[in-house]
Amino acid sequence: MQVFKTKNYEETVALAEKFGKQVKKGTVIAFYGGLGMGKTAFTTGVAKGMGIECDVSSPTFAIVNVYGKNSELCHFDMYRVSSWDDLYSTGFFDYMDMGSVLCVEWSENIENALPDNTVRVTIEKGEGDDDRIITVDGCDFEI
């Protein structure tokens, strides 16, 4: 387990970009943390690190946003997913089978469906309003 501290949005994106440069195809990244903690900011950095040039946005209403020419990165919001039928309808397993990197917000709602080798990223508020404490469990990456 690794613990990082960031002071603002830009630092969170920069940290995640370093992670994205090292992430392997097919990795599932499960996010834990409340509203506004920086899950989408982290996904933005992962995309940059993977070389995907795009505007990353929260998939709150779409449930999944797909990035890259070959669906290299899939960003899920599982907030409203409450059953296996709901989960299957998102395409989650199809994208996993394709080898896409999956960034999953509100992953606690699908905990039983996450693979054993899931990378878990918990983002919590630090001392200041923009400070974040980011815990990465399930892989080691170099900063």
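Buried means under 20% relative accessible area, exposed means over 50%, and partly exposed is anything in between (1.4 Å probe, protein chains only). Keep that handy for the exercises below.

The model is predicted, so local features need pLDDT of at least 70, side-chain atom pairs count only at pLDDT 80 or more, and totals for chains, interfaces and linings use all residues. Residues are numbered from 1 along each chain as its sequence is written, and side-chain values use heavy atoms, with hydrogens and water left out.

**Exercise 1. Work out the disulfide situation, starting from Cys-54.**

Step 1: get the cut-off. A disulfide is a pair of cysteine sulfur atoms within 2.5 Å.

Step 2: check Cys-54. The closest cysteine sulfur belongs to Cys-103 and is 11 Å away, so that is too far for a bond. With 32% relative accessibility, Cys-54 is partly exposed.

Step 3: check Cys-103. Its nearest cysteine sulfur is the one in Cys-74, 9.1 Å away, and Cys-103 is in no disulfide. Cys-103 is buried, at a relative accessible area of 0%.

Result: the structure has zero disulfides.

**Exercise 2. Describe the ring pairs around Phe-76.**

Step 1: know the rules. Rings of Phe, Tyr and Trp (its six-membered ring) pair if their centres lie within 6.5 Å; planes under 30 degrees apart are stacked, over 60 edge-to-face, and the rest tilted. Helices (H or I, at least four residues) and strands (E, at least two) are DSSP runs, numbered from the N terminus.

Step 2: count. Searching the whole structure turns up nine aromatic pairs.

Step 3: take Phe-76 with Phe-92. This pair is edge-to-face, with 5.5 Å centre to centre and 70° between the planes. Phe-76 is in strand E4 (residues 73-77) and Phe-92 in helix H4 (residues 92-98), so the pair ties together parts that are 16 residues apart in sequence. Phe-76 and Phe-92 are both buried.

Step 4: take Phe-76 with Tyr-95. Here the centres are 6.0 Å apart and the planes sit at 65°, so this pair is edge-to-face. Phe-76 in strand E4 and Tyr-95 in helix H4 are 19 residues apart, and their pair links distant parts of the chain.

Step 5: widen the view. Ring pairs join Phe-76, Trp-84, Tyr-88, Phe-92, Phe-93 and Tyr-95 into a cluster.

**Exercise 3. Place strand E4 among its partners.**

Step 1: recall that two strands pair if DSSP finds at least two bridges between them.

Step 2: look at E3. Strand E3 (residues 64-67) runs antiparallel to E4, with four bridges joining them. Asn-65 stands opposite His-75 in E4. The two strands make a hairpin with five residues between them, and Gly-68 in the turn has a positive phi of about 100°.

Step 3: look at E5. Five bridges join E4 to E5, and these two run parallel. Cys-74 faces Leu-102 in E5.

Step 4: check burial. Five of the five residues of E4 are buried, so the strand is largely enclosed by the rest of the structure. Leu-73, His-75 and Asp-77 make up one side, with Cys-74 and Phe-76 on the other.

Step 5: visit the loop between E3 and E4, where you'll find Ser-71. Ser-71 has a positive phi of about 55° although it is not a glycine. Ser-71 is also buried, at 18% relative accessible area.

**Exercise 4. Find the largest nonpolar core and see how helix H2 fits in.**

Step 1: define it. A nonpolar core is a set of buried Ala, Val, Leu, Ile, Met, Phe, Trp, Tyr and Cys residues joined through side-chain atoms within 4.5 Å.

Step 2: pick out the hubs. Of the 23 residues in the largest core, Phe-19, Ile-29, Phe-42, Val-46, Leu-73 and Val-121 touch the most other members.

Step 3: ask who contributes. Helix H1 (9-22), strand E2 (28-32), helix H2 (39-49), strand E5 (101-105), strand E6 (119-125) and strand E7 (132-137) each supply at least two residues of this core.

Step 4: spot its neighbour. Apart from this core lies another, of 18 residues, among them Val-28, Met-78, Tyr-95 and Trp-106.

Step 5: turn to H2. It is mostly covered, with 10 of its 11 residues buried. The cover over those buried residues includes H1, E2, E4, E5, E6 and E7.

Notes:
Contact = heavy atoms within 4.5 Å.
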